[in-house]
Amino acid sequence: TDFEEVTDSVGMSRQFAHSGLKAVFVAPQTPFSHAINLPKTAEMSRGKWLHIAAQFYCREKVWEAWVMPQFVVRFEQQGQSVRERALRPFRVMEPGKWTDVGMDIKVPKKEFDNIKIFLWCPAGQGEMWMDDLRVEVFEE
């Protein structure tokens with residue numbers, strides 16, 4: 001998604017976008033981005049994998065791993081976390097350049113009804129933008 005259809009302004013930015021006019025955003029004053037909720041589909045069955053990727057941008061990098069903004073994927077069942085995985089795109093990003101970053105994650109064995117994807121700025125340091133989110137299902 002390129003986030004053009006999102007009407008919620010919290011955690012959204014028009015300052016930088018990879019495509020279109022909007023991107024998801026985190027910063028010290030906005031520690032959580034707008035969350036993307038993807039309802040489970042029939043093809044997201046046990047044993048399959050998801051490739052979840054997007055374009056990421058920063059003006060300046062934060063070098064301390066514990067305070068870097070994170071890209072979070074959370075499988076939920078009725079709003080409760082079943083499984084969660086996060087990565088720190090700053091590890092591979094160059095300031096001032098959009099970078100494609102993603103993860104492969106196995107569909108959990110536990111039941112889930114939603115996948116929540118968001119950015120988190122855990123220690124109030126750094127800014128990061130995300131655009132053009134993609135989710136692909138594949139087999140091992």
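This is a short tour of the model above, stop by stop, with something to select at each one.

**Before you click**

You are looking at a predicted model, in which local features need pLDDT of at least 70, side-chain atom pairs count only at pLDDT 80 or more, and totals for chains, interfaces and linings use all residues. Residues are numbered from 1 along each chain as its sequence is written, and side-chain values use heavy atoms, with hydrogens and water left out.

**Stop 1: the whole chain**

Start with a cartoon view. The protein chain has 0 helices and 9 strands (helices are DSSP runs of H or I with at least four residues, strands are runs of E with at least two, numbered from the N terminus). Read from the N terminus, the elements go β-β-β-β-β-β-β-β-β. Of the 140 residues, 43% count as buried; buried means under 20% relative accessible area, exposed over 50%, and partly exposed in between, with a 1.4 Å probe and protein chains only. Turn on contacts (heavy atoms within 4.5 Å): among those between residues at least 6 apart in sequence, 74% join residues at least 24 apart.

**Stop 2: the core**

Now select Phe56 and Phe71. They touch the most other members of the largest nonpolar core, which has 30 residues. A nonpolar core here is a set of buried Ala, Val, Leu, Ile, Met, Phe, Trp, Tyr and Cys residues joined through side-chain atoms within 4.5 Å. Strand 2 (23-26), strand 4, strand 5 (70-77), strand 7 (99-106), strand 8 and strand 9 (128-139) each supply at least two residues of this core, and the largest share, 4 residues, comes from strand 4. Show what surrounds Phe56, leaving out residues up to four places away in sequence: its contacts include Phe71, Pro89, Met93, Val101, Leu119 and Met128. For a second, separate core of 5 residues, pick Ala23, Ala27, Tyr57 and Trp129, which are among its members.

**Stop 3: two buried polar residues**

Stay on strand 4 (residues 48-57) and select Gln55. Gln55 is buried, at a relative accessible area of 13%. Its side chain makes a polar contact of 3.2 Å with that of Asp100 (a polar contact is a pair of N or O atoms within 3.5 Å; within protein, one must be able to donate a hydrogen and the other to accept it, and residues adjacent in sequence count only if both atoms are side-chain atoms). Setting aside residues up to four places away in sequence, Gln55 also touches His18, Trp98 and Asp132, among others.

Next comes Asn114, in strand 8 (residues 114-120). Asn114 is buried too, at 11%, and its side chain reaches the backbone nitrogen of Leu38 at 3.4 Å.

**Stop 4: the cysteines**

Select Cys58 and Cys121. Cys58 is buried at 0% relative accessible area, and Cys121 counts as buried at 2%. How many disulfides does a search of the whole structure find? The count is 0, with a disulfide taken as a pair of cysteine sulfur atoms within 2.5 Å.

**Stop 5: salt bridges**

The structure holds 8 salt bridges, each a side-chain nitrogen of Lys or Arg within 4 Å of a carboxyl oxygen of Asp or Glu. Begin with Glu111 and Lys40, whose side chains meet at 3.7 Å, N to O. Glu111 sits in the loop between strand 7 and strand 8, and Lys40 in the loop between strand 3 (36-39) and strand 4, 71 residues apart. Glu111 is partly exposed at 47%. Add Arg46, which also forms a salt bridge with Glu111, again with the closest N and O atoms 3.7 Å apart.

Then move to Lys116 and Glu76, another salt bridge at 3.7 Å. This one links strand 8 to strand 5 across 40 residues. Lys116 is partly exposed at 23%, whereas Glu76 is buried at 6%. Extend the selection to Arg74 and Glu84: salt bridges that share partners join Arg74, Glu76, Glu84 and Lys116 into one network.

**Last stop: two positive phi values**

Select Gln78, in the loop between strand 5 and strand 6 (80-87). Its phi is near 50°, a positive value in a residue other than glycine, and Gln78 is exposed at 68%. Finish at Asp132 in strand 9. Asp132 is not a glycine either, yet has a positive phi of about 55°; at 18% relative accessibility, Asp132 counts as buried.
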